[in-house]
Amino acid sequence: MASFLLSALTITLSSLLASCDVDVPVSNHWSGGFQGNACIAITEKLTHWTMHLRFDQPIVNLEVWTADIANTSADKTEYVLTNKAWNGVEQVGDTVCQDFLGHGTGDIIPKITASIEEISGGGTFTVGPTQPQVVTTQGSTVTYAPGESTPVPVTQAPGLSTSVPVTQTPVDVPTGDGYPGTLSVKQDWGQRFEGEIDFLVKENIEGWMANITFSKPVTKMDIFIGDTFAHSQDGLNWIVVNKQDRPFYKPGDTIDMRFFGNYNGDTGAPTASAVLYNLGVDKNWTVTSPPNAAGSKYNYDELLMKSILFYEAQRSGKLPANNRIPWRGDSALGDKGANGEDLTGGWYDAGDHVKFNYPMAYTSVILSWGLMEFKDAYEAAGQLQWVKDSIRWPLEYLIKCHVSENELYIQVGDGARDHSYWGRPEEMTMPRPAYKIDASTPGCDVAMETAAAFAAGAMVFNETDSVFANNLLAHAKTLWQFALDHRGKYSDSVPAAKAFYPSFNYTDEMCWGSMWLYKATGDDKYLTEAKKWFDPAADWAMSWDDKVVANQLLLFEATGEDVYKQAVIGTFTDWFPGGSITYTPKGLAWRLQWAPLRYSSNMAMMALLAAKEGIHTEEYRHWAMCQIHYALGDTGFSYVVGFGDSFPHMAHHRGASCPNPPAPCGPQIMSSNEPNVHILYGALVGGPDKGDMYKDERSNYVMNEVACDYNSGFQTAVAGLRSLLIAGEHPEQTGHATCPYTSA
């Protein structure tokens with residue numbers, strides 16, 4: 001039996017060597033949040049450090065990635081950060097930088113100062129386990145460190161036992177081509193030796209594994225730049241993976257694997273050969289793009305296929321047998337409600353692993369709407385069943401969340417804890433609390449949003465799965481009544497959601513949910529209720545928290561009344577050139593610094609839907625096409641991952657950035673300038689600033705975040721453009737394809 005002992009680590013504390021305060025600039029700000037980067041020059045060597053961030057106003061929540069939040073003042077004006085295990089040592093002349101995201105109320109531009117202290121000398125505390133534990137998995141005896149999750153079976157080389165606590169991510173010991181190395185014995189003391197194996201690499205490496213074969217049994221290895229992952233029972237074969245802070249190498253670099261090893265007997269140290277494998281590449285997965293059957297400027301069929309793949313990469317829970325994302329596995333199988341209710345499934349919201357039901361339900365409505373309006377596009381692209389599967393995934397989860405008549409879970413996962421973790425969803429160990437609304441803590445906005453998702457889903461599945469559709473509609477009706485009877489913003493009832501997806505008001509959701517119940521049932525009581533909540537003002541922007549223009553259009557569709565049509569026209573008059581919206585030099589309707597492509601794509605979708613209802617048909621279609629084509633490459637750059645020749649390679653997404661297991665992932669991956677290991681096909685990133693400038697940096701979550709709601713309006717608009725090609729009414733076919741759009 002292989003035994004992996006992890007001894008306790010003792011750290012001594014005493015004096016604090018403090019730096020002077022430095023001013024910290026706010027690099028970006030928006031309603032509800034801001035971004036900063038605190039950088040402090042190091043004048044004395046540090047081995048463990050603490051950074052103090054001080055604000056001139058309360059900060060509700062702070063997110064950091066390359067440090068841990070150790071303490072927060074009672075008034076929320078000071079946050080104390082401590083180094084990660086891998087970045088505590090800093091030399092004179094180094095600079096410690098901490099990128100962070102703060103949340104609060106309003107458009108926040110706080111004054112910020114920072115200082116750093118070294119921890120050294122004094123009393124003691126203990127970190128880490130003191131004894132190994134043993135479990136048995138499918139007949140193999142496995143040792144793992146206390147406090148880690150229990151291992152699951154992995155694909156192993158014959159005779160190997162493993163101690164790595166991988167939960168569900170598939171792990172393969174590589175075979176075939178790699179980088180060869182031969183053992184050089186530096187010293188031999190009899191039964192213990194010092195060795196070195198050098199590997200000359202010829203490509204970028206982001207995480208590695210070495211397979212070492214010894215000529216005689218080795219009983220222990222202590223490696224400077226790696227950790228033992230597994231070894232054969234006879235001690236002849238050892239698998240080593242890189243340490244967390246040693247994943248990156250460039251072509252021409254030599255990986256010097258120095259180690260101490262133990263062996264039995266007195267006949268001298270063993271010889272060995274080894275092969276090192278790059279775990280930072282997707283060598284066994286390619287996505288074949290469908291042909292551009294319509295002959296359009298951009299291949300809409302490819303975009304629909306890849307956007308659906310993005311949603312598959314976002315799946316939480318037990319993955320289906322037809323999972324097409326090989327770097328994803330089962331995850332968050334312990335998600336439960338307060339009384340043990342099964343809350344597994346659904347989508348991870350963005351590049352993180354929280355399940356925020358408010359934007360998830362919205363995304364489901366938009367995808368369902370797009371499928372109903374542009375079904376011919378999905379059929380032509382060969383994606384009809386895939387998009388139905390995509391829509392069904394969150395709906396089944398949302399049904400689980402509606403645990404009783406007036407009780408709805410609306411979030412799983414703590415945003416602050418989740419955002420401090422950079423790793424694979426399959427390996428999460430942090431607590432994942434679930435939050436709900438009920439009669440005493442209402443949230444009619446998210447209740448109506450979920451009712452809308454159920455009603456739209458019922459329409460999608462009515463013909464092919466009437467049992468599922470009827471269940472969805474029953475839940476929709478119950479939630480609609482719950483929202484009607486218990487008013488209030490959900491983010492007031494659930495503070496955990498407020499820092500991430502706060503609700504501005506619930507008036508638009510009351511109209512939105514009622515309209516979808518009307519569309520699904522034809523019952524006039526829902527239309528009557530929707531009319532009470534009609535807002536004729538020009539819409540700020542269609543989004544997960546703003547459905548004003550969608551309500552205007554749905555009411556016009558249902559009634560044909562001019563008041564609703566004029567409201568739609570008023571919205572687009574404000575959005576078109578000459579209105580209040582900023583346009584970039586290259587033609588993007590730029591609403592907000594955070595994810596402008598989300599808003600332009602959502603409004604392009606609404607323009608296509610309005611055109612379908614006969615509202616300024618030619619003009620709206622032309623404008624919508626130009627907005628989508630901006631995202632697809634009209635500027636020379638595609639903002640869709642994996643589409644076109646030049647696209648983002650460092651989307652802010654944990655799972656996509658991590659090397660293949662068992663190589664460790666962590667904050668060092670997030671802060672690196674290396675491309676994501678896995679191509680997150682189909683994901684739409686946030687987009688450029690108002691001068692068309694864009695930085696493909698993983699740490700720049702303002703420009704490079706991805707999210708389920710970003711893709712929903714975008715995918716629907718692409719489907720709308722594909723549908724126009726089928727009908728012969730696309731702007732490219734009608735002579736109105738000049739972009740950037742100027743004015744009618």
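The legends below describe close-up views of salt bridges in a predicted model, which holds 30 such contacts in total.

**View 1. A salt bridge between Asp301 and Arg722.** The closest nitrogen and oxygen atoms of Asp301 and Arg722 are 2.6 Å apart. This pair links distant parts of the chain, since Asp301 belongs to helix H1 (residues 300-313) and Arg722 to helix H19 (residues 708-727), with their positions 421 residues apart in sequence. Both Asp301 and Arg722 are buried.

**View 2. A salt bridge between Arg324 and Glu312.** Here the closest N and O atoms are 2.6 Å apart. Glu312 is part of helix H1, whereas Arg324 sits in the loop between H1 and strand S25 (355-356), so the contact ties together parts that are 12 residues apart in sequence. The two partners fall into separate classes of accessibility: Glu312 is buried, with a relative accessible area of 2%, while Arg324, at 22%, counts as partly exposed because the class of buried residues ends under 20%.

**View 3. A network of salt bridges involving Asp21, Arg54 and Glu78.** These residues, Asp21, Arg54 and Glu78, are joined into one network by salt bridges that share partners.

**View 4. A salt bridge between the side chains of Asp222 and Lys220.** The distance from N to O in this pair is 3.9 Å, which counts as a salt bridge because the cut-off is within 4 Å. Asp222 is partly exposed, with a relative accessible area of 29%, and Lys220 is likewise partly exposed, with a relative accessible area of 40%.

Definitions and conventions. Residues are numbered from 1 along each chain as its sequence is written. This is a predicted model: local features need pLDDT of at least 70, side-chain atom pairs count only at pLDDT 80 or more; totals for chains, interfaces and linings use all residues. Side-chain values use heavy atoms; hydrogens and water are left out. Buried means under 20% relative accessible area, exposed over 50%, partly exposed in between (1.4 Å probe, protein chains only). Helices (H or I, at least four residues) and strands (E, at least two) are DSSP runs, numbered from the N terminus.
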